[in-house]
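Biologist: Please show me the model, and then I will ask how its terms are justified.

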Amino acid sequence: MAFDLEQVRSRMPGNRIEWHPEIDTTMREAARLAGEGAPGGTIVGAELQRTGQGRQGRNWHSPEAEGLYFTQILRIDLPPRRLPVVTLALGVAVADVLKMLTGLSPDLRWPNDVMINERKVCGILTQLHDGAILAGVGLNVNQTEFPAPLREIATSLRIETGDTFRREALLAALATSIDSNARILATGGAVPVLTLFSAASSYVEGKRVEVDMPGGLVRGITAGLTADGFLRLQSDDGSETVVTAGGVRPIYD
Amino acid sequence: MTLDEIRDLIKTVCDTGIAELEVQRGENRVWIKRSGGSSGQEVTVTQSPAPTAAPFAQISVPPAAPSASDIMGASPDEADLTDPTLKSVPAPIVGTYYEAASPGADRFVREGDHIKPGKVLCIIESMKLMNEIEAEITGTIVKCLVENGQPVEYGETLFLVKPN
């Protein structure tokens with residue numbers, strides 16, 4: 001279904017919204033706009049991303065009109081040390097909306113992959129550029145299937161519920177939720193965000209996981225978050241590791 | 001033959017434009033050969049006991065203005081790193097250091113690169129937040145101190161920059 005931009009604009013009069021039929025990646029265009037001084041709340045979206053961007057140059061599969069692909073520019077004043085917590089706040093923001101609009105029970109895989117039944121439904125990439133935070137969201141909405149390499153690890157709202165969803169309504173709700181969660185961080189600091197995240201994620205405590213660390217693969221049990229939002233891991237060798245970045249995967253023994 | 005003596009000999013070769021010089025004293029023999037045209041030159045120093053010709057040192061000299069200390073003394077890196085005018089670029093957050101935007105992409109900067117404020121030097125990933133670390137001064141990157149993919153602590157020095 002064609003994306004009704006006017007409907008979105010009328011729902012969100014305070015946001016500048018640019019929607020492209022096709023783009024390389026919304027992150028690049030948002031970075032350009034942020035460099036030109038675009039205000040917080042600016043949204044760059046696309047029906048199709050040719051080279052949708054994931055972590056460390058990975059690709060985000062972005063088939064035309066089936067998913068929601070956008071980057072939202074956030075301008076919140078935070079000391080650099082507190083910035084990474086934005087990642088957690090964004091995960092909470094998306095999980096809240098999906099719970100409310102779909103009735104599903106999303107989980108958050110640290111730091112912010114939104115999972116439904118152990119498969120990824122939404123990826124969020126955050127980039128600090130020219131003093132602005134670029135929150136890139138790739139949400140699988142109406143896909144009925146995924147190419148072979150993704151089949152086991154990805155899902156969509158439609159696959160999980162059998163229903164199709166209007167992307168306009170999702171975008172409006174997501175943008176509002178992202179904005180308000182970023183505001184919680186800006187005004188209340190990290191603590192409320194860590195509390196919200198811990199309540200929404202099964203990964204924070206007592207989960208058996210393996211993690212790609214610079215020194216190699218580490219296995220252990222998760223043991224809460226640090227004050228900065230990093231994941232503590234009680235490693236199998238008895239030591240404690242703090243995970244600051246990198247892929248966390250569940251282990252089922 | 002002492003290092004100082006060899007250094008003086010190299011200087012003599014470089015200053016005078018002599019192509020090749022061989023000096024023998026007692027059991028020691030030093031052979032210095034200069035090669036290369038206007039684009040660069042190479043000085044080969046060979047010292048060996050007189051009877052055999054086995055070289056024990058072969059040292060290349062950078063094209064621009066070779067000096068004796070470059071050839072025989074401390075390496076340029078070590079000499080430069082003690083320079084009190086160097087400025088360090090610290091990590092503003094804890095995370096993982098990346099020298100390029102994605103694996104296989106060109107590095108943001110290399111040693112010797114000239115930088116200006118706003119130039120992206122590296123990315124530090126912290127909880128999937130990609131922080132572009134930008135230069136705040138004009139200068140030349142003298143040393144990149146962190147290897148790609150390594151964790152960095154808050155305040156850890158990432159680069160040394162010679163301001164200009």
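Modeller: This is a predicted model. Between chain A and chain B the count is one salt bridge.

Biologist: Why is the pair K128(B) and D113(A) called a salt bridge?

Modeller: The closest N and O atoms of K128(B) and D113(A) are 2.9 Å apart. The cut-off is 4 Å between a side-chain nitrogen of Lys or Arg and a carboxyl oxygen of Asp or Glu, so the pair qualifies.

Biologist: Which elements of chain A each supply at least two residues of the side that touches chain B?

Modeller: These are α3 and β6 (119–129) of chain A. The largest share, six residues, comes from β6(A). By kind, that side of chain A divides into 13 nonpolar, nine polar and five charged residues.

Biologist: How many residues does each chain bring to the contact, and what area is buried?

Modeller: Chain A brings 27 residues and chain B brings 21. The buried area is about 2,100 Å², with carbon and sulfur atoms giving 60% of this area.

Biologist: What makes W19(A) and F70(A) members of the largest nonpolar core?

Modeller: Trp and Phe are on the list of residue types for a core, and members must be buried, with side-chain atoms within 4.5 Å joining them; W19(A) and F70(A) therefore meet these terms as members of the 68-residue core. Both are among the residues that touch the most other members. Helix α3 (residues 85–102) of chain A gives the largest share of this core, 11 residues.

Biologist: Which residues farther than four places away in sequence does F70(A) contact?

Modeller: Among them are W19(A), I43(A), V137(A), L171(A) and I178(A).

Note on methods
Residues numbered from 1 in each chain as written. Chains lettered and ligands numbered in written order. Predicted model: local features only at pLDDT ≥ 70, side-chain atom pairs only at ≥ 80, totals over all residues. Heavy atoms only, no water. Buried < 20%, exposed > 50% of the residue type's maximum accessible area, 1.4 Å probe, protein only. Helix = DSSP H or I, 4+ residues; strand = E, 2+ residues; numbered from the N terminus. Contact = heavy atoms within 4.5 Å. Buried area = accessible area lost by both parts, 1.4 Å probe. Nonpolar A, V, L, I, M, F, W, Y, C, P; charged D, E, K, R; others polar.
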